[in-house]
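Here's a quick briefing to read alongside the model. Have a look at the structure first, then go through the notes by topic.

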Amino acid sequence: MYCRLTDPAIKNIAVLDMTHGGVIIARKLKELGFNVTGVDVYGTLSSEQCNALEIDGIWVSEKNCSIEETDLIISPVHLYPDHIMLHQAEEKHVPVISHHRAVGEIMKIKYESDHPLMIEVTGTKAKTSTASLLADMISRKLTVVLHTSRGLELWEDGMCEVIHKGLSIAPGSILDAMDIAGSLGREIDAYIFEISLGVTGYGNVGIITTLDMDYMIAGKTSMASEAKVRSLLNYSSKALIVLNENCRKALEQLDRSLGTENITTFCIMENEESRTSDADHFLNMHKNSFSITSGKGYIELFPADGYDARSYITAFAASCVTALEIDVPLENIKNTIQQFRGLQGRMQEMTKEDIRILDNSNSGMDIVSVEKALDLSLKRKRKVIMVLGEEAAQVCEGLPPEGVADLISRRLADMEELILVGERMKPLATGNIHYAESLDMGRMWAMGIARKKRADEVTVALCVKCFR
């Protein structure tokens, strides 16, 4: 059962989960004239935060509250489904919508008369890189506001300026990002948002980069991919949806619900393999270039040196295909790819103090990308000083210690030195394995070790899961 915020019967709304953008959603709903109750299901709000909300007219309940007079519940897709309020809502036929859909509904009310190009990017990997590449391409003609895990940025003429730090990529943060962008006093032509676990549906374009390496949410009762796919159904029939071809189940569901006219797919082909896919666009990675073949023709693009371009293959595919579909000039696409040097913390290679560094520390890092960083360094015929772990206070989902332990058991011999970071990694720091409390401390320690060795033989690989 679903009803819109514009339904006159909707007056009293309960927002579940104040941690992941719920506070922002609750405040926006209050501004729109609704009676709002915030439900702190994870018990993370401080007394000061609760008091501030209540001063604003938003009553805050711990864990749950009565739904007797509730007309609508807004619940995050990751909340465990046996929460008592969700049970009660089902019994009493109270409609429930997600945080994502609620944000889309709020945006429709606030900005319906002024709707520039808006692109939403979700997926398990390559979200930040895809969004950033798109912002660069589009900004060579238009003024773009980009929000990713890197921060809120203003892009013009292929150059960016950070205008705000500290917003998460939970859907509620979009509302704050829009307010900040509006305060600039600038005419914004396009907005691009990286969003966790789905899209809001308030946009012209929705992208799923990939559903690979799926994971469980909602108390391990459903897959994250299901939430992302379901959220695409929030879009109007006029929106463009760009999907990695390996999202086959997503495509089947969307075909039944939306038809295929507004869906375009891309397929990443390895080693010039023969085409067995019916995707709309095919990307092939070559030695010093990559090509895209589609009904629009054949184009070849040439990435620069200085980073591992192959690690960006999904981002290249998703961004270039989207840009082609929305008619970004080909020259702008080519220039962006040629001038791109990788993003900080995403397989970026650099030299500092005559020491080679492979920086792979970012919020989306996982064990697979750690092994890619290790393999890339070994491929360069260099000894590896690895800094590995998490800054758990910064990220919702850390790096599983059991995964790190497994990596150590399999690959420790491939590392010259190993420095672990993060409280949860401390028990693994035995024997010759070192421990540091933070990425900065681990990097300083690794650089010190590297200085004692021949610089041309060593790479410091930074693989710490954190926001940058």
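The buried residues of α11 (401-411 is α12, one of its neighbours) are covered by elements that include β19 (348-352), β20 (355-359), β21 (383-390), α12 and β24 (458-465). Covering here rests on contact, meaning heavy atoms within 4.5 Å, and buried means under 20% relative accessible area, with exposed over 50% and partly exposed in between (1.4 Å probe, protein chains only). Helices (H or I, at least four residues) and strands (E, at least two) are DSSP runs, numbered from the N terminus.

This is a predicted model, so to speak: local features need pLDDT of at least 70, side-chain atom pairs count only at pLDDT 80 or more, and totals for chains, interfaces and linings use all residues. Residues are numbered from 1 along each chain as its sequence is written, and side-chain values use heavy atoms, leaving out hydrogens and water.**Helix α11**
- The buried residues of α11 are I367, S369, V370, E371, A373, L374, L376 and S377.
- With 13 residues (367-379) at 1.5 Å a residue, α11 should span 18 Å, and its end C-alpha atoms are indeed 18 Å apart. The expected span is 1.5 Å times one less than the number of residues.

**Nonpolar cores**
- A nonpolar core is a set of buried Ala, Val, Leu, Ile, Met, Phe, Trp, Tyr and Cys residues joined through side-chain atoms within 4.5 Å.
- The largest one has 42 residues, and I192, F290 and F316 touch the most other members. Helix α9 (residues 313-325) gives the largest share, 9 residues.
- Apart from that core lies another, of 41 residues, including F34, M107, L152 and Y202.
- Setting aside neighbours within four places in sequence, I192 is in contact with I119, V121, A131, L134, A135, I138, V144, V145, L146 and H147.

**Aromatics**
- There are 7 aromatic pairs in the structure. Rings of Phe, Tyr and Trp (its six-membered ring) pair if their centres lie within 6.5 Å; planes under 30 degrees apart are stacked, over 60 edge-to-face and the rest tilted.
- F290 and F316 make a stacked pair, 4.8 Å centre to centre with 10° between the planes. F290 is in strand β17 (residues 290-294) and F316 in helix α9, so the pair ties together parts 26 residues apart in sequence.
- Both F290 and F316 are buried, and they belong to one aromatic cluster with Y307, Y312 and F340.

**The open sheet**
- Its 11 strands run in the order β9-β8-β7-β10-β6-β11-β14-β15-β16-β17-β18, with mixed pairing. Two strands pair if DSSP finds at least two bridges between them.
- β9 (159-164) and β18 (297-301) are at the edges with a single partner strand each, so one side of each has no neighbour in the sheet.
- Strands β11 (residues 205-208) and β14 (residues 240-244) run parallel and are joined by 4 bridges.
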